[in-house]
Amino acid sequence: MNSRSFATKNWPNLVDTEKVSRAKPVLFLHIPKTGGSSFLTALGNIFGERRVRRLRCAEEMARAQIDRIVSDEIQDIDCLVGHFPIHVFAKHLDTFRPFTILRDPVDRVMSLFRFLKRAPQSETERLELREGFGFDDFIESRVPEIYAQTRNLMCRMLCGDEEMSDPLTAAFWQPRDQGALVDQALATLRSIDFGLLEDMQSTLTLAQHFCATKFNLGEYRTNASDAPGAEWTAHNIHRIVDLNTLDVALYHQAKVLFYTRVRNVSALGQSADGTSLSVLRVQPGQKISVNDIPGRRGFQEFEPKDGFAWLAANQTALIGFFAPPKMLRLQMRLYCITECFPAEEIEVTLNGTRLTHRVEPIQRNWVSLETEAFCPNERLNVLTLNPPYVIPVRFLHPASKDDRYLAVAMAELVFLE
């Protein structure tokens, strides 16, 4: 069998791991339909999207791109993300802190089906799915991209066997040693960090630990497909289980390992050493794009075209920072959902104390918000923003497919002396 284990050592002491690997970038092995897209938003809020690099190339080009990133750009990133099996990263695993998320195999395959049912016609045609395709068309597809995702995808991505990802090999279609594939995938999980979509609270606790951040990652929201429909029949569930017995075995063994780690982290607790966190270090007078703010919380994903990130609805936007202990004022450039939005009613607090502020219009929906003078702490400071209300996008644009509730987006901030 053309596979090898990536478990070069047993699961190490968590305290030692944190000390040794804290400076290493996170490698997020994004297994499709495991809630990873929403988790990426949380990672972007921790590190700042500019320091989260996504691999979007084809697999045959990925290795060269990874080599270039490791040799020339590693100092510029805190997280590397890709929909690629772990063997693609094999020679660079020691450079990163690998992390992935698993999901119940039946739920994962059903989620893929619902996702493809919502896909544009151009995408379903590319995947050779007829218009109005049903579950039988989906589960019986021999298109490699669908075939791999409906048959033990988690084992395929984690086992380290290149042939399991190559449709030109016989092993892709019919694995030779199925028991060994599960063992190899489980060995990989023992050597890296991972979470379970079904227990995101515990997963985020582990992620908070290995990302060395004090901030709660509670802004995670599952990016779910449509609710279960007629495809959820006993017959179809049986078919998925029958085609994914390796993933079922892996998932149940992984759960035991996962909850052992959760108990260990809970016993250790979280570090209160603010100096170890990935947070903003303020230089007075320097304009800072929201894209470059690490350790933030309560923001949606940065939108490069507009240069801002919306504050997430029903959450408190939070930015942690270190600054020299002298009198400063904070100026923010904000974009409001409407031209008449009452930006003057946004609640701004520093370390729990409300700051007064004034708002000046810039152009159309853009405003400048400037706070009263304040003196930051020598230790970690916490800035929060709460808009007075949010507005559904579809209320303003009925034809829009955007189902978000929005109020204010931040583009940049600057601390003034």
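Me: Which residues form one aromatic cluster?
Reply: This is a predicted model. A search of the whole structure finds 19 aromatic pairs. One aromatic cluster is made up of F113, F133, F135 and F138.

Me: Is the aromatic pair of F258 and Y259 stacked, edge-to-face or tilted?
Reply: The ring centres of F258 and Y259 lie 4.9 Å apart, with 80° between the planes. Planes over 60 degrees apart count as edge-to-face. The pair of F258 and Y259 is therefore edge-to-face.

Me: Which residue of that pair is buried, F258 or Y259?
Reply: Buried means under 20% relative accessible area. Y259 has 30%, so Y259 is partly exposed. At 0%, the buried residue is F258.

Me: How many residues apart are F308 and W366?
Reply: F308 and W366 form a tilted aromatic pair, 6.0 Å centre to centre with 55° between the planes. The pair links distant parts of the chain. F308 sits in the loop between β7 (288-289) and β8 (309-310), while W366 belongs to strand β14. Their separation along the chain is 58 residues.

Me: Is W366 buried or exposed?
Reply: Its partner F308 has a relative accessible area of 4% and is buried. W366 has 18% relative accessibility. The cut-off for burial is under 20%, so W366 counts as buried.

Me: Are helices α4 and α12 roughly parallel or roughly perpendicular?
Reply: Helix α4 covers residues 105-117 and helix α12 covers residues 234-243. They pack at an angle of about 110°, with axes 9 Å apart. Angles of 65 to 115 degrees count as roughly perpendicular. That makes α4, relative to α12, roughly perpendicular.

Me: How many nonpolar residues does the contact of α4 with α12 have?
Reply: From α4 come P105, V106, V109 and M110. They meet N236, I237, I240 and V241 in α12. By class, this contact has no charged residues and one polar residue; the nonpolar count is seven.

Me: What is the handedness of the crossing of α4 and α12?
Reply: The helices cross at about 110°. The crossing of α4 and α12 is right-handed.

Me: Where is K33, with its positive phi?
Reply: K33 is a residue other than glycine, yet its phi is near 65°. K33 is buried, with a relative accessible area of 18%. Its place is the loop between β1 (26-29) and α2 (36-47).

Me: Is R364 buried or exposed?
Reply: R364 is not a glycine, but it has a positive phi of about 50°. The residue lies in the loop between β13 (357-363) and β14 (366-371). Its relative accessibility is 66%. Exposed means over 50%, so R364 counts as exposed.

Me: What is the C-alpha to C-alpha distance of R263 and S202?
Reply: R263 is in helix α13 (residues 245-268). R263 is exposed, with a relative accessible area of 54%. In sequence, R263 and S202 are 61 residues apart. In space, C-alpha to C-alpha, they are separated by 9.6 Å.

Me: What percentage of contacts between residues at least 6 apart in sequence join residues at least 24 apart?
Reply: The protein has 14 helices and 18 strands. Of its 417 residues, 54% count as buried. Among contacts between residues at least 6 apart in sequence, the share that joins residues at least 24 apart is 77%.

Note on methods. Residues numbered from 1 in each chain as written. Predicted model: local features only at pLDDT ≥ 70, side-chain atom pairs only at ≥ 80, totals over all residues. Heavy atoms only, no water. Axes fitted to C-alpha atoms, helices over the stretch in contact; angles between N-to-C directions. Helix = DSSP H or I, 4+ residues; strand = E, 2+ residues; numbered from the N terminus. Parallel < 35°, antiparallel > 145°, perpendicular 65-115°, else oblique. Left-handed = near helix turned anticlockwise from the far one by under 90°. Contact = heavy atoms within 4.5 Å. Nonpolar A, V, L, I, M, F, W, Y, C, P; charged D, E, K, R; others polar. Buried < 20%, exposed > 50% of the residue type's maximum accessible area, 1.4 Å probe, protein only. Phe/Tyr/Trp six-rings, centres within 6.5 Å; stacked < 30°, edge-to-face > 60°.
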